[in-house]
Amino acid sequence: MVARLVIAAPSSGAGKTTVATGLMAAFAGRGLAVSPHKVGPDYIDPGYHALATGRPGRNLDAYMCGTGLVAPLFEHGARGCDLAVVEGVMGLYDGAADQGELASTAQVAKLLKAPVVLVVDASSQSRSVAALVHGFASWDPEVRIGGVILNKVATDRHEHLLREALGGSGVPVLGVLRRAPAVATPSRHLGLVPVAERQAAAVEAVAAQAEQVLAGCDMDALLALARSAPPLHDEAWDPALAGRLAAGGSVVPTRPAPAGRMPTTRPVVAVAGGAAFTFSYAEHTELLTAAGAEVVTFDPLRDEELPAGTSGLVIGGGFPEMYGAELSANAPLRKAVAELAASGAPVAAECAGLLYLARSLDGTPMCGVLDAEARMSERLTLGYRDAVAVSDSSLAAAGTRMRGHEFHRTVIEPGAGADAAWGLRQPERRVEGFVQRGVHASYVHTHWAGAPEAAVRLVEHCANGPVA
């Protein structure tokens with residue numbers, strides 16, 4: 001059994017990420033093996049979690065992966081750990097729009113049978129904090145709020161008033177944190193600045209968060225609360241088993257060899273990384289590997305060639321708009337990507353990858369694989385998507401239903417190719433994305449743990465050769 005805590009808040013902006021990351025780093029500093037998790041689709045917070053714990057930050061998304069996979073994915077990520085800390089999303093009871101509790105922190109806490117620690121921004125209240133905590137603790141009897149951490153407390157007098165108000169609430173105060181600029185993490189148009197873009201500063205911020213938590217929280221009480229969670233009885237998720245089931249019992253680990261010759265090596269799938277492409281889920285690489293691929297990471301900002309033997313390419317999300325000039329300046333790699341796509345090799349691109357494959361981004365030349373222009377926009381596009389594959393591709397057969405999310409401040413024109421990638425059912429019906437030969441490019445981020453057939457299909461296309 002893995003001890004576990006869910007760190008939640010009444011609303012966004014209360015300091016969940018700071019507290020959760022600080023707790024992860026503080027417990028890891030005490031010698032515990034800490035498994036970091038994030039409720040929802042966010043890619044950025046898990047980067048800070050990984051920095052704090054030395055383990056991959058993993059997402060638990062009940063919308064994209066289904067409620068039945070939340071506990072198995074948690075067990076997979078937390079295997080061999082002493083403690084798991086799960087950072088929530090938005091407010092405790094906020095989930096997918098018009099879907100009730102689906103994908104909320106509260107739902108995930110119930111699925112994990114995990115106690116919740118409520119982080120409250122106390123900066124503009126005193127006695128009212130008791131009414132707030134009482135309301136959240138009593139709203140859903142199945143959600144166990146085991147304690148509260150008061151954040152952004154101004155003075156000793158302020159702390160006294162808050163503790164006095166909460167004295168009869170039945171919810172213990174497990175921490176009091178003062179305002180501390182050193183623990184702040186800078187933000188921009190899509191949230192926090194990723195770790196990969198500010199490595200040294202991020203290390204300092206996480207260390208400061210750990211120090212603040214150690215100074216202001218009852219670490220022994222928090223650990224005791226985590227250890228009070230009952231056992232889970234779900235089998236841990238297994239990428240190899242998931243892939244085999246998705247493939248009907250088999251996968252294609254290598255390219256078929258001509259008669260009389262030894263099988264060739266595993267197909268190489270190159271995955272974009274570096275500061276411009278930081279958005280990815282750990283399970284994607286695990287599924288690709290389990291399906292038979294050799295996964296090799298490359299950095300489009302620095303590497304002038306694709307990894308040797310590349311037969312497939314995955315370009316996930318990130319911030320190409322912040323690195324447009326540098327990406328464009330790497331003309332040899334842009335040419336290599338365009339040639340690989342032109343050959344019919346499988347190329348799966350999401351959001352930032354879509355922009356990178358366009359002709360240009362804000363007028364700066366990109367790879368030119370897609371006959372489309374991309375630009376920054378004032379409008380934020382954000383939300384879960386219920387998608388159906390419109391065209392057969394290296395990622396999905398036409399008619400395949402997948403769930404994903406969009407998160408961007410860019411637009412691409414046209415928004416869809418002659419063969420679109422997805423038909424979206426909500427919030428409005430539309431088609432979007434591009435399918436051409438082996439290329440599947442779209443704004444929609446997907447989580448392949450919820451659709452392992454995507455990884456299997458991509459590797460099979462790599463093994464079977466380019467799309468005609």
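Is tyrosine 43 buried or exposed, and what is its relative accessible area? Select tyrosine 43: the residue is buried, with a relative accessible area of 10%. Buried means under 20% relative accessible area, exposed means over 50%, and partly exposed is in between (1.4 Å probe, protein chains only).

Before moving on, note that this is a predicted model: local features need pLDDT of at least 70, side-chain atom pairs count only at pLDDT 80 or more, and totals for chains, interfaces and linings use all residues. Residues are numbered from 1 along each chain as its sequence is written, and side-chain values use heavy atoms, with hydrogens and water left out.

**Aromatic pairs**

The whole structure holds 7 aromatic pairs. Rings of Phe, Tyr and Trp (its six-membered ring) pair if their centres lie within 6.5 Å; planes under 30 degrees apart count as stacked, over 60 as edge-to-face and the rest as tilted.

Add tyrosine 281 to your selection. Its ring centre is 4.5 Å from that of tyrosine 43, and the planes are at 25°, so this pair is stacked. The two residues are 238 residues apart in the chain. Tyrosine 43 is in the loop between strand 2 (34-39) and helix 2 (44-53). Tyrosine 281 is in the loop between strand 10 (268-272) and helix 11 (282-290). Helices (H or I, at least four residues) and strands (E, at least two) are DSSP runs, numbered from the N terminus. Tyrosine 281 is buried too, at 3% relative accessibility.

Now show Phe279 and Phe319. With Tyr43 and Tyr281 they form one aromatic cluster.

Next, select tyrosine 93 and phenylalanine 136. This pair is stacked, 5.9 Å centre to centre with 25° between the planes. Phenylalanine 136 is buried, at 16% relative accessibility.
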